[in-house]
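Hi,

Here is the structure I promised to pass on. Have a look at it first, and then read my notes below.

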Amino acid sequence: MNFVPPQGPPQTSAPKLYPILGEENIRKLLYFHYKNLSESEIKNLFPQEEEQIKISADKNADFFIQVLGGPPYFSQKYGAPMMRARHLKFPITYQARNVWLDCFFRAIEQLKKELGEDSGFTKEIEDSFKDFLRSFSEWMVNTQ
Ligand code: HEM
């Protein structure tokens, strides 16, 4: 059977988290995520050396800052996002996507611990951010 990729980008849009978290915390979140990835069962797809982890985390953070309502760093530095196209050179299965998502959700927990109670990062915003991550990451799946 041929693999049928998801049709078009997800409809779920990212919540405007930038005003709540700010740039530094979004960078921290992506650092946690990349650190988790580097120790995960899909680590071979990702950098494992500390300096490279930081570089990839920062590039990813540029994208997330942009979609979460901050300055368009990613487009300014690297051009049109074209995220699905940028991922085509990596074989991404549903299973790998689930591991990726798990690394991200754990990064959210790690960040929340640092933020404390009154950060404005409410359960509602967290849920909508997770919905965005679920649908957007599904769009990256390109291999059965
Ligand atoms: C919400 C979903 C995702 C977003 C927003 C995202 C974002 C990005 C960005 C901005 C880059 C850098 C692109 C570039 O170098 O030009 C990247 C690279 C990459 N992504 Fe994703 N990604 C997502 C999901 C995934 C998933 C599910 C996988 C695999 C399981 C994956 C694997 C990779 C790999 C292997 C790279 C290149 C290595 C590196 O991180 O430097 N991504 N991603």
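The buried residues of helix α2 are A57, A61, D62, F63, F64 and I65, where buried means that 20 or more other C-beta atoms, placed from the backbone, lie within 10 Å of a residue's own. Their cover includes α1 (18-38) and α3 (73-78). Please keep in mind that this is a predicted model: local features need pLDDT of at least 70, side-chain atom pairs count only at pLDDT 80 or more, and totals for chains, interfaces and linings use all residues. Residues are numbered from 1 along each chain as its sequence is written.

Helices here are DSSP runs (H or I, at least four residues), numbered from the N terminus. Just after α2, G69 takes a positive phi of about 105 degrees.

Now to how α1 packs on α2. Their axes (lines fitted to C-alpha atoms over the stretch in contact) come within 8 Å and cross at roughly 140 degrees, with angles running from 0 to 180 degrees between N-to-C directions. The two helices are therefore oblique to each other; oblique covers angles that are not under 35 degrees (roughly parallel), over 145 (roughly antiparallel) or 65 to 115 (roughly perpendicular). Among the α1 residues that meet α2 are I26, L30 and Y34, and on the α2 side A57, A61 and F64 take part; contact means C-beta atoms, placed from the backbone, within 7 Å.

And what about α5 (residues 94-115)? Its axis and that of α1 come within 8 Å and cross at roughly 135 degrees. That makes α1 oblique to α5 as well. Residues meeting there include L29, F32 and H33 in α1, and W100, F104 and I108 in α5.

Best wishes

Key: A residue is buried if 20 or more other C-beta atoms lie within 10 Å of its own, exposed if 12 or fewer, and partly exposed in between; C-beta atoms are placed from the backbone. Two residues are in contact if their C-beta atoms, placed from the backbone, lie within 7 Å.
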